[in-house]
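Biologist: I would like a close look at one part of this model. Please take me through it step by step.

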Amino acid sequence: MSIDFKKEVLNHKEDLLKDLFELLSVRSILGTDITEETPFGSGPREALDLILSFGERDGYKTKLVENKAGHIEVGQGEELFGILGHVDVVPVVEADWTSHPFKPEIRDGKIFARGSLDDKGPTMAAYYAVKLLDKLGVKWNKRVRVIIGSDEETGFRCVEAYFKHEEQPALGFTPDAMFPLVYAEKARTTFDHKLVFAEETRATFDHKLKFVAEDGNYNYKLVKFNGGQVLNMVIASAKAELVGEVSDIKEKFENFLAQEKLEGEVTVEDTIKLALKGKAAHGSTPQYGINGATKLAEFLSTLGLDNNGKNFVDYIVDKLANDPFGEKLGIDYSDNEMGEATYNYGILEYNLEKKVGIVSTDCRHPMKFDLVTRLNGVKVDNIDIEVTSTKEAHYVPKDDELVTTLMDVYRKHTGDTENDAFVLGGGTYARCLKKGVAFGLLFPGKEDTMHQANEYLEVEDLLLATAIYAEGI
């Protein structure tokens, strides 16, 4: 059967956009309303139910597994081919968006909405690729399952539950990365830098927050410091709360912001409150973002803080800030195939009352790097380092038939002979398959707005990817 895939995709364009807009309208961020029916909150469950309903509407077998994941199955045969996508999304700061993140709209040929690029748009492209083939009456020699998760951004608990009950595909791909193709993914290690609190020196502040020292030689006491919600996202904004000398704090902070070309504000009520905006980026590429928390720590380190506050922010400034490759701590590493280890300082919390001071870190590193052993050798006063999770690297040889077949289809549709299959720092569902790769949807040279404000997907890229997926499948 000879198929003009691009033409066939155009025949489905209107329906594809309609379904995608409905899915993008669901606020599917990890919620706090956790129940047996909504294990990751009502938003992710609503989005999961919605995409499964598209499969039911179109006449395919669907299944919901533990309310966490599900699949739409098409085709026939003994062997199973898997396409894994997700419908949960990372948090948003709505004030940073030009349009509402959950009211999708098209501007200049681009679909603006949270999840448009990661991963609702790509997942719908893959589903419509399968649907297109089925409606054309192709002869299936495998069963194809579009497997959908609802907790990819915060732990993969969805697919872990799914594969406890369901068949493991022999091979497949996830449309949750970049073209041409990701054949290997770095290992992932998460760890915490924990402040060891020292005994406090005594100090008091009058009702106007003017410093009155009984002993000690500091001007401000750090009360709270927070930034970040998920590990795999560069901290876009951070806040700190202080008590101390009010008189010139606003001028100092504004001078710092001007020097760094950043935005922020100071408010003085019962305490001094500072807020600073950085720039979000995917946690696997922290070098492309501006970490709002480490930037705020740089300012705090100039103020003359109490002992514990000083130990915390000085450690951040001296050992973490402006260093996405771990050079300051001596945990940098790179090799020729998988590149450099990267470090995203994704969640920061300091609470004096609770005696909590933590910087939670997400590292993506080559499979040959023994990071845990390296971390065990790091010794810093007043700081303990605790590994919280490890995941091995994922690897499919570049000459495997799965890789070469999909690469051939990509080159046919794009004419791109320069870009080759590559290694990714981000962790995708491909690592959940015995033989799986990440295949699109972001095209080479296009802006990567995953995990950022004003995330978008170009309509033409959505349609081209759908054609590539259809022929690849």
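Biologist: What volume does the second largest cavity have? Start there, then place it among the other parts.

Modeller: Keep in mind that this model is predicted. The volume of the second largest cavity is about 50 Å³. Its lining consists of Leu117, Leu442, Lys446, Glu447, Tyr456, Leu457, Glu458 and Asp461. Strand E26, residues 456-458, is the top contributor, giving three residues to that lining. By class, the lining splits into four nonpolar and four charged residues, with no polar ones. Tyrosine counts as nonpolar in this scheme, and lysine, glutamate and aspartate count as charged.

Now the other cavities. The structure has five of 30 Å³ or more. The largest encloses about 200 Å³. Its lining has 19 residues, and the closest to the centre are Glu152, His282, Gly426, Gly427 and Thr428. That lining includes seven charged, seven polar and five nonpolar residues. Such spaces come to light with a simple test: rolling a probe the size of a water molecule over the atoms shows where empty space is left.

Next, strand E3, residues 80-86. Seven of its seven residues are buried, so the rest of the structure largely encloses this strand. In a regular strand the side chains alternate between the two faces of the sheet. Both faces of E3 are covered. Leu80, Gly82, Leu84 and His86 are buried on one side, and Phe81, Ile83 and Gly85 are buried on the other. Two strands pair with E3. Strand E6, residues 143-149, runs parallel to E3 and is joined to it by seven bridges. There, Phe81 has Val144 as its bridge partner. Strand E7, residues 171-174, also runs parallel to E3, with three bridges. Ile83 sits opposite Phe173 of E7.

Last, the antiparallel sheet. Eight strands make up this open sheet, ordered E15-E16-E14-E13-E19-E20-E10-E21. E15 (263-268) and E21 (383-391) are the edge strands; each has a single partner, so one side of each lacks a neighbour in the sheet. On average, neighbouring strands are turned by 20° against each other, direction ignored. Within the sheet, E13 (residues 220-227) and E14 (residues 237-244) pair over seven bridges in the antiparallel sense. Lys224 faces Glu241 of E14 across that pairing. Two helices belong in this picture. Helix H7, residues 292-300, lies across E13, E14, E16 and E19, at about 25° to E14. Helix H8, residues 307-320, packs on the sheet and touches E10, E13, E19, E20 and E21. The direction of H8 makes about 170° with that of E19.

Notes
Residues are numbered from 1 along each chain as its sequence is written. This is a predicted model: local features need pLDDT of at least 70, side-chain atom pairs count only at pLDDT 80 or more; totals for chains, interfaces and linings use all residues. Side-chain values use heavy atoms; hydrogens and water are left out. Buried means under 20% relative accessible area, exposed over 50%, partly exposed in between (1.4 Å probe, protein chains only). Helices (H or I, at least four residues) and strands (E, at least two) are DSSP runs, numbered from the N terminus. Two strands pair if DSSP finds at least two bridges between them. Axes are lines fitted to C-alpha atoms, for helices over the stretch in contact, and angles run from 0 to 180 degrees between N-to-C directions. Contact means heavy atoms within 4.5 Å. On a 1 Å grid over the protein atoms alone, a cavity is a set of points where a 1.4 Å probe fits but cannot get out, and a pocket is an open set with protein on both sides within 12 Å along at least five of seven lines; lining residues have an atom within 4 Å of a point. Grid points are joined across faces, edges and corners, and a volume is the space filled by probe spheres set on the points.
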